Structure formats: structure tokens, C-alpha cells
Amino acid sequence: MSNIFKDPIINENPITKQVLGVCSALAVTVLLETAIVMAIALTLVITCSNVIISSMRKAIPHRIRIIVQLTDIASLVILVDMFLKAFAYDMSKQLSVFVGLIITNCIVMGRADAFAMQNGVKESFMDGLGNGLGYGAILVLVATFRELLGFGTLLDYRLLPESMNNGLMILAPGAFIILGLIIWAQRSITNVVEE
């Protein structure tokens with residue numbers, strides 16, 4: 001049971017090992033605050049969708065399972081988006097389309113179909129939480145480096161002088177560089193070798 005939760009955070013991280021969800025990892029990581037909100041949003045959606053799909057898995061006909069999963073995930077994403085608009089409107093504007101794209105995020109869809117459809121509620125909850133936290137950890141790590149090196153700040157607190165700001169870090173290539181270094185480090189630490 002602990003491996004179901006722990007593996008997606010470290011050894012089987014959806015971004016560093018499976019290279020899934022990279023688009024949002026590049027798009028919403030310019031600022032740490034947006035990365036944290038996106039990580040929380042995806043973690044809530046993947047965990048709740050896994051639980052819902054798992055609890056209904058025996059009643060879902062195989063031929064319409066993807067439609068049911070998409071409907072479930074889309075409903076959860078709409079709730080998250082409405083919550084952000086109601087309680088964090090500025091953040092909702094910053095994340096705009098990226099929250100909506102959680103619906104088609106391959107991590108969320110993959111876990112619903114590959115794991116929640118075959119496992120019980122408790123295991124699916126742990127899997128969703130582990131995958132969400134693994135995804136979120138990478139987002140937060142990338143955003144920390146990008147904001148610190150690009151703006152010299154973290155959560156609007158200046159830590160480095162403006163003269164040390166690196167404009168590359170706030171652009172997509174900066175995100176690719178940071179993400180590539182994180183993937184390299186994670187695979188080196190866990191001794192992953194591509195075949």
C-alpha cells in the first residue's frame with residue numbers, strides 16, 4: 001500500500017519517469033504561487049476522480065468507460081475552476097486555460113483508466129494522492145528555480161538583487177533546462193536506465 005503512494009512521488013514520478021504532464025509543468029511554473037495552486041488543483045482532481053471511478057468501476061460498461069471518466073474529471077475541474085473564480089479570482093485569471101486543461105491531462109486520464117478501473121477505493125485514493133503530489137513536487141521545484149533565477153524573488157519576496165535576474169528562466173527554454181536537469185538528477189539518483 002505504501003508503494004502505491006510513495007512510488008509516484010519518487011521512483012515513478014509522472015513527469016520525471018513517465019514524462020507526462022510536461023506542458024503544464026512548463027506553462028504554469030514561471031511563478032511559485034501559480035505552480036502551487038495548479039499542483040493543488042490537479043491533486044484534488046486526480047484523487048477525487050480516482051475515488052469516484054474506482055467506486056463505480058463495476059457498474060461502468062467497458063465501451064463507455066472513457067466517456068464516464070471524462071465526464072467525472074470534467075465535473076471536478078469545473079468545480080475547481082468555479083472555486084478559484086469565487087475565492088481567488090486573480091489566480092483564476094493567471095491560470096485561465098491551464099485549469100481547464102486538467103480535463104485532458106494524461107496523468108489524470110491515465111490513472112483513472114489504468115489504475116482506478118482495476119483497483120479498490122482505498123488504493124485508488126492513495127494512487128491519486130501520490131501521483132498528484134509527485135506532479136506537484138516537480139511543478140514547485142521548477143517554479144522555485146524559475147522565479148528565483150528569473151525574477152530574484154520567491155512568493156514576491158526579493159532574495160536576489162535585480163542585477164542577477166536571468167530573463168531566460170522566465171521563458172519556455174528556461175523551463176526546459178530546469179526540467180531536464182531535474183529529470184537527469186532523479187534518474188541518476190534512482191539509477192533509471194532507458195532501454
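What percentage of the 195 residues of the chain count as buried? I looked this up and found 42%, where buried means under 20% relative accessible area with a 1.4 Å probe, protein chains only.

The model is predicted, and I took local features only at pLDDT of at least 70 and side-chain atom pairs only at pLDDT 80 or more, while totals for chains, interfaces and linings use all residues. Residues are numbered from 1 along each chain as its sequence is written, and side-chain values use heavy atoms, with hydrogens and water left out.

I next read off the secondary structure: eight helices and two strands, as DSSP runs numbered from the N terminus (helices H or I, at least four residues; strands E, at least two). Their order along the sequence is α-α-α-α-α-α-α-β-β-α.

Then I checked the interior. The largest nonpolar core holds 43 residues; such a core is a set of buried Ala, Val, Leu, Ile, Met, Phe, Trp, Tyr and Cys residues joined through side-chain atoms within 4.5 Å. Elements giving it two or more residues include helix H2 (22-27) and helix H7 (121-151). H3 provides the largest share, nine residues. Leu139, among the residues with the most contacts inside the core, touches Ile15, Ala25, Val28, Thr29, Ala35, Met38 and Ala39 (heavy atoms within 4.5 Å), leaving out residues up to four places away in sequence.

Last, I looked at Leu159. I place Leu159 in the loop between strand E2 (157-158) and H8. Leu159 is exposed, at a relative accessible area of 52%; the cut-off for exposed is over 50%.
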